[in-house]
Each structure stands twice: as structure tokens, then as C-alpha cells.
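Here is a structure to walk through together, one question at a time. Have a look at it, and then let's talk it over.

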Amino acid sequence: MVRFVQFVNSFVTSAGNTACGEDSMYDIVISHVTDKPFHYFVNPHGISQLFGNMIFKLNTFLGFHSEGSAVTECLHGHPYEIIEATPIKLFGIFDLRITKWVLMLWLALFLCALVFIPLARKIKKSPMGSSSRWVNMWEALIGFVHDDIVEPNFEHGYAKKAMPYFLSVFFFILFANYLGLIPGLATSTGNLAVTGGMALFTLFGMFAIGTIMQGPLWIFTGIVPKGVPFLMYFLLWPIEVMGMIIKPFALTVRLFANMTAGHIVIIIFIYLVMMFQSYLVGVGSVSLSLIIYMLELLVAFIQAYIFTSLSAMFIGSSVHAH
Amino acid sequence: MEVIQEGLLKVEPGLLLWTIITFIVLLLILWKAAWKPLVEALDARAEKVRGDIENADRSRQEAEKLLAQHKIMMDNARNEAAKFIADSRAEAEKLKNDIIEKAGADAEMLADRARKEISLAKDRALGEIKAEIVNLSTDIAAKIINKNLNPNDQKALVEETLNKVRTVQ
């Protein structure tokens, strides 16, 4: 057991290798919860590096980065000869290289399609309700989205129209959250760009629904409560507009922080074993990280629910004037 | 500004764009292929279940109404039957009493007639006896007259005659 822990430790920190220093705890944590582009390993070890090379080549093929120069870099304490390419940014802003996080998003998309397209066919085929547990489980979740997220925030006619969007949001975030809990994969929703992207949809939805349902002048008339004195209007309007911007921002930060915090805690608990190199700490930290993992399983669901529920509330509130 | 360019809080515009593209693709694919048929199927089922429940409710109310009607009919029938039985019993009782009364009256009449016949027969017998007595007395008187009798013989003869008469009577 001690040997195993030392082995893992040497793997993580590579204490014996002189060319590279030990990774600090900060480095380890950050490398687990942040996105970074794939390198090209000149001498790849293992499946993950081979896979990384494949993605690197794909990026080259798609023209997302230029051929870079070979450098030697320390990764997890080992010196590697890698090729680091400079991104070719679209419009000078968007670095569209396919990263681990992008792959995770695609995996979530793929899983959603894999689950729900056959599911729709099965449900349509059996109008009296399927006896399959698999179908009933997803049906219960869809019912949950309908009853607890969409129905309370939309009137009946609109609820039916809004269902597909909120089902997409809920299950996309849910799948992304749970993918992050599988060891070796990454939490795409633990990134401000991803959660910000999702929140932009909410913001766009608020504006679009407000404009469609209440007319283009909605932004001046719809968001301030009716019946306020004329002068108060000039005070309230900027506040309400600010509120509209802040709401998606809060969504962004909430999902990001919730999905990241748990992972950081789990990594730190595991790292404690490497730090102390002791059985007792090992038992304690592994069981504690397991408890946090259980908590994360719960948080992953709750955050998907909260994000979707608040989106529904925000978008639903712009259907009618206040 | 540095904080969103590096580290944990980095906002990578490329990733943001990828998120938007991925989500739009997800929306387009699932909206057409999954959510629309799914929501329609579930709505149709919910509608059907609601209809079924309403139908069941209506049927139950109807059944209850029918049951109440049946109960009333049953009660009526039972009352009628009870009344019928009571009527029949009263009639039978009356009939029985009539028959007994009539039988009693008949018996009385028969007894009366028997009694009358007996008394008639007795009267007739008494008349015959009286005629016999007259004959006997005549015979006795003839015998007394024909024969010279001592007092003892006379006495014996009278007694003998009287005995005859008694036995006849």
C-alpha cells in the first residue's frame, strides 16, 4: 500500500526526476479544472497522449492553429518533447482549437442525441406508456422538467412551446455535469466560458421573448413595474436593465462555482495523501473525497435544475409586462 | 483583465463560441428528432388519461344512479310482496274461520235432527208399549175371567203380568 501510494505520488509529482521540479498543489488543482489546448507529443506515451496527438492533427487540418515549434516542457514532473502551436484566431478573438472541454461538450451533445432520439421513438410507439424502466426513468425526468421548471413559469399554451428549449438546456447541462464526475473526463460546465455561453442563451431568450410578445418597445415599457411615478421611472429603468444583465451573470457564476468547487475539494483531499504519505491520512482523505463525490452527484443534478429553473423564470417573466 | 485571460477564471472566447455552436446544434437536432415527438406523445397520453378518468367518473355516477334506482325498485317489490303475503294470510284466516263456523253449525244441526228423531222414536215406542199394555191387560182380564182362581194364583198372575209389562218397558 505504501509502495502504491509512493508510486502514485511519483506519478503525480515525479519527485525523483531532476530535470523538472515538483508540481505545486496549485498547479495540480488548476491543471484539473481548467481547459488548455492539446499539445503534440513527439514521443507519445499511452492512449491519452496518442488521442491528444490525433486532436492536435485535427486542429491543424481544420486550420485552427499554425505549425508551431518543438519545445521541452514539464508535464506532471516529466520532461516531454512537445510541439506547441500558436492559434489562428477567428476574427482575431476566437481561438477555435478543439480542446478537452470542447470534446466534453460534444460528448454531452452526443449522449443527449443517443438517449433521446430512440427514446422519442419508443414513447411514440407505445401510447399507453412503456413498461421499460429505462424509458420510464427518462419520462420521469422529462415530467420533472415539465412540472417543476416550465409549468410554474409559463402559461399553458406557452409551456408546450417552451418545453423543447428547457429540456435541451436541462439535459445538456445535466449530462455535462455528470460527465465531469467520471474519472479521466472533464467538467465542461466548470468553466466560465461554457456557463457564460449557456447564460447568453437565457439573456437572448429574455430579449427575444420580450420583443416578440410585447413588441419592440418592450425594453422601455415592459420591464419597469406599471404605476410608478414618472420621475421614478428614470431611476428604476437603469436598475431593471442592470438586473437583466446581472441575472445571466449570476447564472454563469453559480454553475461554474458549484461545478468547480467540488472538484477542487476532491483533488485537494487526494493530494493530501501525497503530501503526508500516511495510511491514516489516506483512509481519511479517500473516504472524505468519496463523500464529496456523493455530494457532487447531488450538486450536479441540483445545479442543472437551478440553472434551467432560473432561466425559465427569467424568460417566463418577459412574456408579460410587469 | 489579467484574471480572465489566465487561470481558473479565464474566459476563452473560442470555447464560448463552441458552447454556443454546440448548444444550437443540440437544439436543432433534438427539437426536430426528439422533443417534438416526445412532448406530443406525452401530451397525447396525458390527454387520454384525463379523458379516461373523466369517462370512468361519468360511468361511476351513472352506475350509482342505476344502483339507487334498483334499490328503490327492490324496496317497492319487497313491500308489495309483503303486502300480498299479509293480504293472503288474512284471507286464508277468514276462510278458515268461515269453514270452522259452518262446520260447527252443520254439526249442531245434525245433532238437533238426531235428537229430534230419537225423541220421535221414543214417543212412537211409548205409544206401542201403551197399546201392548192395553192388549196384555185385556188378555189378563180374559184369563182371570176364564179361570177360577184362588187368591194366591191371582196374585201370582198379576205379578207375572206386571213383570211382563216391566220387561217390555
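Q: Of the contacts in chain A with a separation of 6 or more, what percentage comes from residues 24 or more positions apart?
A: This is a predicted model, so every value here is computed from predicted coordinates. The contacts of interest in chain A are those with a separation of 6 or more. Residues 24 or more positions apart account for a share of 68%.

Q: In what order do the secondary structure elements of chain A run from the N terminus on?
A: Chain A holds ten helices and three strands. Read from the N terminus, the order of these elements is α-α-β-α-β-β-α-α-α-α-α-α-α.

Q: What percentage of the residues of chain A count as buried?
A: A residue counts as buried when its relative accessible area is under 20%. Chain A has 322 residues, and the C-alpha trace spans about 75 × 55 × 40 Å along its principal axes. The share that counts as buried is 45%.

Q: How much of the accessible surface of chain A belongs to carbon and sulfur atoms?
A: The accessible surface of chain A adds up to about 16700 Å². The part belonging to carbon and sulfur atoms is 72%.

Q: How far apart are the mean positions of the positive and negative charges of chain A?
A: Chain A carries 16 positive and 16 negative charges. Taking the mean position of each set, the separation is 12 Å.

Q: Which residues form a nonpolar patch on the surface together with Phe61(A)?
A: Phe61(A) sits in helix 3 (residues 46–62) of chain A. Its relative accessible area is 70%, and because the cut-off for exposed is over 50%, Phe61(A) counts as exposed. The patch has about 320 Å² of accessible area together, and the partners of Phe61(A) in it are Leu58(A) and Leu62(A).

Q: Is Thr189(A) buried or exposed?
A: Thr189(A) is found in the loop between helix 6 (156–179) and helix 7 (192–214) of chain A. Not counting residues up to four places away in sequence, Thr189(A) touches several residues, among them Ile173(A), Val194(A), Leu255(A) and Met259(A). Its relative accessible area is 3%, and since the limit is under 20%, Thr189(A) is buried.

Q: What is the relative accessible area of Ile173(A)?
A: Ile173(A) lies in helix 6 of chain A. Leaving aside neighbours within four places in sequence, Ile173(A) is in contact with Thr189(A), Met198(A), Leu255(A), Ala304(A) and Phe307(A). Ile173(A) is buried, and its relative accessible area is 0%.

Q: How far apart in space are Ile173(A) and Thr195(A), C-alpha to C-alpha?
A: Thr195(A) is one of the residues that Thr189(A) touches, as is Ile173(A). In sequence, Ile173(A) and Thr195(A) are 22 residues apart. In space, C-alpha to C-alpha, the distance is 9.1 Å.

Q: What separation do the C-alpha atoms of Pro238(A) and Val224(A) have?
A: Pro238(A) belongs to helix 9 (residues 230–276) of chain A, and at 36% relative accessibility it counts as partly exposed. Along the chain, Pro238(A) and Val224(A) are 14 residues apart. Their C-alpha atoms are separated by 9.5 Å.

Q: Which residue meets Glu47(B) in a salt bridge?
A: The structure holds nine salt bridges over all chains. The partner of Glu47(B) lies three residues apart from it, about one turn of helix 1 (residues 13–146) of chain B. Glu47(B) is partly exposed at 49%, and the partner is partly exposed at 45%. With 3.2 Å from N to O, the partner is Arg50(B).

Q: What is the N to O distance in the salt bridge of Lys48(B) and Asp52(B)?
A: Lys48(B) and Asp52(B) both lie in helix 1 of chain B, four residues apart, or about one turn of the helix. Lys48(B) is partly exposed at 37% relative accessibility, and Asp52(B) is partly exposed with 38%. Their side chains meet with an N to O distance of 3.1 Å.

Q: Which residue is linked with Asp57(B) and Arg60(B) in a network of salt bridges?
A: Because Arg60(B) and Asp57(B) are three residues apart in helix 1 of chain B, about one helical turn separates them. Their closest N and O atoms are 3.2 Å apart in a salt bridge. Arg60(B) is partly exposed at 44%, and Asp57(B) at 35%. The network links these two with Glu64(B).

Definitions and conventions: Residues are numbered from 1 along each chain as its sequence is written. Chains are lettered from A and ligands numbered from 1 in the order in which they are written. This is a predicted model: local features need pLDDT of at least 70, side-chain atom pairs count only at pLDDT 80 or more; totals for chains, interfaces and linings use all residues. Side-chain values use heavy atoms; hydrogens and water are left out. Patches are made of residues with over 30% relative accessible area and no salt bridge: like charges are joined within 9 Å, nonpolar side chains (Val, Leu, Ile, Met, Phe, Trp, Tyr) within 5 Å. Accessible areas come from the Shrake-Rupley method with a 1.4 Å probe; for residues, only the protein chains shown count as cover. A salt bridge is a side-chain nitrogen of Lys or Arg within 4 Å of a carboxyl oxygen of Asp or Glu. Helices (H or I, at least four residues) and strands (E, at least two) are DSSP runs, numbered from the N terminus. Buried means under 20% relative accessible area, exposed over 50%, partly exposed in between (1.4 Å probe, protein chains only). Contact means heavy atoms within 4.5 Å. Lys and Arg count as positive and Asp and Glu as negative; His and the chain ends are not counted. The place of a charge is taken as NZ of Lys, CZ of Arg, CG of Asp or CD of Glu.
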